[in-house]
Amino acid sequence: MAQLVETVGSKGVVKRTEFVRIITRALHSLGYEEIGTLLENQSGIPLQSQEISSFKNQVLAGNWDQSVETLHAISLLDESTLTSQASFLIWEQQFLEFLRDDHILDSLNTLRKKIAPLDINSNRVQELASCTISPPEDLNIESRPEILEKLHNFLPPSLMIHPARLESIIEEAISLRRLSCLYHNISDRNVSLYSDHKCGMSRLPCQAKQILHMHVDEVWFLQFSHNGKYLASSSKDESAIIWKVTDGGEVLFGHILGHEKPVLSVSWSPDDDQLLTCGEREVIKRWEANSGRLLHVYERADFGFISCAWCPAGFILAGTTDQSIILLDLEGAELDSWKDYALRMSEMAITNDGTRILSIYEDRSIAVIDREKKEILRLLPQEGVITSFSLSNDNKVLLVNLRNRGIHFLESSRRL
């Protein structure tokens with residue numbers, strides 16, 4: 001019959017022993033050593049076994065032979081791990097400390113009798129051997145606490161709890177609460193641990209603070225500059241406008257930028273000094289943001305442009321009416337191009353490192369494309385027809401506008 005495990009909490013999934021040990025580990029990590037020890041004594045639940053305590057003390061004291069012997073005596077460890085990376089790390093530290101203290105013969109003995117017989121990391125062994133012949137001025141030796149931190153990777157968490165384990169659990173819980181928050185609109189730094197996080201609708205912008213009237217037809221596209229000092233708008237009225245944003249948040253008219261056809265989209269340069277505007281099946285124009293001066297016109301005789309985006313390196317990415325994606329330099333020379341008939345070329349974005357292109361795929365998915373290989377890496381399917389999307393500056397968040405389904409917020413733990 002299985003032994004009943006005592007738990008805490010209403011759901012019965014948190015094991016009492018693990019819970020107390022993690023709290024104890026956090027107290028010691030925060031410097032509350034006496035309180036941590038008191039918790040161990042009163043609960044009867046030790047933070048770690050006597051073997052682990054001995055091992056840690058031996059490493060910090062530089063008793064390398066004893067620390068390896070203790071490692072071999074610890075149960076629950078994979079023997080192959082003991083005889084490879086963990087032992088190598090310990091003996092390497094002994095070697096480097098001998099070398100630092102000019103004990104050349106001792107360092108050679110460690111290398112020949114302890115490190116080399118492990119028969120791993122041959123390149124590193126050769127590097128260490130060369131150090132005995134011509135020691136570098138800076139050996140870059142890690143401290144013993146740093147070595148102990150690395151040795152955590154070779155020990156099961158049940159034996160040696162990571163010092164930041166409690167913080168890691170709480171941070172993950174905050175992330176999960178944020179993802180489940182339908183109207184999330186605050187920084188993680190403002191999330192409190194005292195109650196379950198939930199943003200109300202009041203956190204969303206819901207009152208008009210200013211209405212801009214300069215356009216005379218439908219406004220199709222809006223984009224703030226990266227530094228927030230400018231706002232660019234494009235319209236069916238065959239114009240784009242650069243607006244200036246004051247320190248107080250007021251938006252003032254700056255410059256009107258003309259086209260011969262409706263303006264589909266705009267894109268700010270990485271330094272916000274210039275702006276691209278793309279006419280519908282027409283040309284792309286590059287403007288100086290501060291003065292509104294026209295700097296260059298990009299056009300082709302055999303097709304028109306329908307989207308534009310700045311690449312981080314200063315190149316221009318453009319979608320065309322013949323279903324091509326093309327890469328241009330600032331003078332208009334074509335650097336690269338390819339076709340994809342499933343993509344909607346009127347909507348494109350590029351990641352900060354210039355390696356990924358995002359576009360709408362067959363109306364209901366966002367395609368993440370490898371720019372170098374010109375292939376789709378993955379699709380982000382949506383619940384309806386996508387009308388537009390916007391990529392955040394850190395490349396982790398997408399705002400996707402769906403026809404008759406509102407705006408959806410997509411967040412990824414990694415860059416797209």
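Me: In this predicted model, over how many bridges do strand S9 and S10 pair?

Reply: Strand S9 covers residues 284-288, and one of its residues, Trp287, has Leu294 in S10 as its bridge partner. The two strands run in the antiparallel sense, and their pairing extends over 4 bridges.

Me: Which strands leave one side without a neighbour in the open sheet, and why?

Reply: The open sheet is formed by 4 strands in the order S7-S8-S9-S10, with antiparallel pairing. The strands at its edges each have a single partner strand, so one side of each is left without a neighbour in the sheet. These edge strands are S7 (263-268) and S10 (294-298).

Me: By what angle are neighbouring strands of this sheet turned against each other on average?

Reply: The strands concerned follow the order S7-S8-S9-S10. With direction ignored, the average turn between neighbours is 20°.

Me: Which element gives the largest share of the lining of the second largest pocket?

Reply: This pocket has a volume of about 730 Å³. Elements that contribute two or more residues to its lining are strand S2 (14-15), helix H1 (16-29) and helix H9 (165-180). The largest share amounts to 5 residues and comes from H1.

Me: How many residues of the lining of the second largest pocket are charged?

Reply: The lining consists of 25 residues, and those nearest the pocket centre are Val14, Glu18, Ile22, Arg165 and Ile169. By class, 12 lining residues are nonpolar and 7 are polar. The number of charged residues is 6.

Technical notes: Residues numbered from 1 in each chain as written. Predicted model: local features only at pLDDT ≥ 70, side-chain atom pairs only at ≥ 80, totals over all residues. Heavy atoms only, no water. Pairing = 2+ DSSP bridges. Axes fitted to C-alpha atoms, helices over the stretch in contact; angles between N-to-C directions. 1 Å grid on protein atoms, 1.4 Å probe; cavity = no way out; pocket = protein on both sides within 12 Å on 5 of 7 lines; lining within 4 Å. Points joined across faces, edges and corners; volume = space filled by probe spheres on them. Nonpolar A, V, L, I, M, F, W, Y, C, P; charged D, E, K, R; others polar.
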